[in-house]
Amino acid sequence: MKFLSSRRVVLGAFALLCAGGLFSAPARAAENAKQFIQVFGNQLVAIVNSPIPLAEKKEKVLPLVQKNVDIDGIGRYCLGRYWKTASPDQQQRYLGLFHQVLVNAITDKLGEYRGVNFTLGNVTSTGADEYAVDSTLVRPQQPAAAMQWIVSEASGSPKVVDVIGEGASLRLTQRNDYSSYIARNGGNVGTLLDALQRQLSHHNAPAN
């Protein structure tokens, strides 16, 4: 079982780095989504490209991710139909674990990049209160990566709710992985929670 570890997810994590007037309401909303990604991305890129130690980078990135990414919403989506079958205690435990797993997936990649920059392209509506912001992520000595950031304003303020890279949706890929794992284990949500806990324990274990 893969938990936020594929190349798509790595790119998805770093896509999070690029994370009025006479305009009509939809045009204003689209422009707001683009401006949100521009500001969020600039803040994160500045941290990634800075010479500070990796541990300090992670400390600085964490509150930005928590503020600008709808981690709970992505988590509920990834659990799919099993969210409704989980008990309230399981739901709470799952969201706590998912929050740590997603943040780790993003911050663990910071040491691999310097000299990152990005450009933004078109913005298109993908549904009610959701917009896809095209971007190109440029990394030293690597091919440019075309990505789409899905931004939702359903909560009243813009939040990143998905990233699409290499033709794959981050949240849909993870939803399929989680659903398959639970189904293989008799539909028991607790088995997924235990697996996520083991993943985090392994991640946090001191290196020998």
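Colleague: How close do the axes of helix α6 and α8 come, and at what angle do they cross?

Modeller: In this predicted model, the axis of α6 (residues 88-107) comes within 10 Å of that of α8, and the two cross at roughly 35 degrees. The crossing is left-handed.

Colleague: Which residues in α6 meet α8?

Modeller: On the α6 side they are Q90, R93, Y94, L97, Q100, V101 and N104. Their partners in α8 include V189, L192, L193, L196, L200 and H203.

Colleague: α8 has another partner, α7. Why are α7 and α8 called oblique to each other?

Modeller: Start with the angle: the axes of α7 (residues 170-184) and α8 (residues 189-204) cross at roughly 120 degrees. The roughly perpendicular band runs from 65 to 115, and roughly antiparallel needs over 145. The value of roughly 120 degrees fits neither, so the pair is oblique.

Colleague: What else describes that pair? How near do the axes come, and which hand is the crossing?

Modeller: The axes come within 8 Å, and α7 passes α8 in a right-handed crossing. As for the residues, Y178, Y181 and I182 in α7 meet V189, T191, L192, A195, L196 and R198 in α8.

Colleague: And what makes α4 and α7 oblique?

Modeller: Here the angle is roughly 45 degrees. Roughly parallel would need under 35, and roughly perpendicular starts at 65. The angle lies between those two cut-offs, so α4 and α7 are oblique to each other. The axes of α4 (residues 71-79) and α7 come within 7 Å, and α4 passes α7 in a right-handed crossing.

Colleague: Which residues in α4 meet α7?

Modeller: I74, Y77, C78 and L79 in α4 do. On the α7 side the list includes R171, L172, R175, Y178, S179 and I182.

Colleague: L172 is in that list. Why does L172 count as partly exposed?

Modeller: L172, placed in helix α7, has 39% relative accessibility. Buried means under 20% and exposed means over 50%. The 39% of L172 sits between those limits, so partly exposed is the right label. L172 also has D162 at 8.7 Å, C-alpha to C-alpha, with their positions 10 residues apart in sequence.

Colleague: What makes E31 partly exposed?

Modeller: The reasoning runs along the lines just used. E31 has a relative accessible area of 39%, which is not under 20% and not over 50%, so E31 is partly exposed. E31 is in helix α2 (residues 25-48). Along the chain E31 and V123 are 92 residues apart, yet their C-alpha atoms are separated by 7.7 Å.

Colleague: Let's turn to the sheet. How many strands form it, and in what order?

Modeller: There are 5, in the order β1-β2-β3-β4-β5, and the sheet is open with antiparallel pairing.

Colleague: What makes β1 and β5 the edge strands?

Modeller: Each pairs on one side only: β1 (117-127) and β5 (168-169).

Colleague: How do you know that β1 and β2 pair?

Modeller: Count the bridges. A pair takes at least two, and 8 join β1 to β2 (residues 130-138), so they count as paired. They run antiparallel. S125 stands opposite Y131, and F118 stands opposite L137. The two strands form a hairpin with 2 residues between them, and D129 in the turn has a positive phi of about 65 degrees.

Colleague: How do β2 and β3 pair, and over how many bridges?

Modeller: In the antiparallel sense, over 8 bridges. D134 stands opposite Q148 in β3. This hairpin has 6 residues between its strands, and Q141 in the turn has a positive phi of about 60 degrees.

Colleague: How many bridges join strand β3 to strand β4?

Modeller: 6 bridges join β3 (residues 145-152) to β4 (residues 159-165), and that passes the cut-off of at least two, so these strands pair as well. They run antiparallel. Q148 has I164 opposite it in β4.

Colleague: And how do the elements of the whole protein run?

Modeller: From the N terminus it goes α-α-α-α-α-α-β-β-β-β-β-α-α, with 8 helices and 5 strands. Buried residues make up 45% of the 208 residues. The protein exposes about 10400 Å², with carbon and sulfur atoms supplying 50% of it.

Terms used. Residues are numbered from 1 along each chain as its sequence is written. This is a predicted model: local features need pLDDT of at least 70, side-chain atom pairs count only at pLDDT 80 or more; totals for chains, interfaces and linings use all residues. Side-chain values use heavy atoms; hydrogens and water are left out. Helices (H or I, at least four residues) and strands (E, at least two) are DSSP runs, numbered from the N terminus. Buried means under 20% relative accessible area, exposed over 50%, partly exposed in between (1.4 Å probe, protein chains only). Accessible areas come from the Shrake-Rupley method with a 1.4 Å probe; for residues, only the protein chains shown count as cover. Axes are lines fitted to C-alpha atoms, for helices over the stretch in contact, and angles run from 0 to 180 degrees between N-to-C directions. A crossing is left-handed if the near helix is turned anticlockwise from the far one by less than a right angle, and right-handed if clockwise. Contact means heavy atoms within 4.5 Å.
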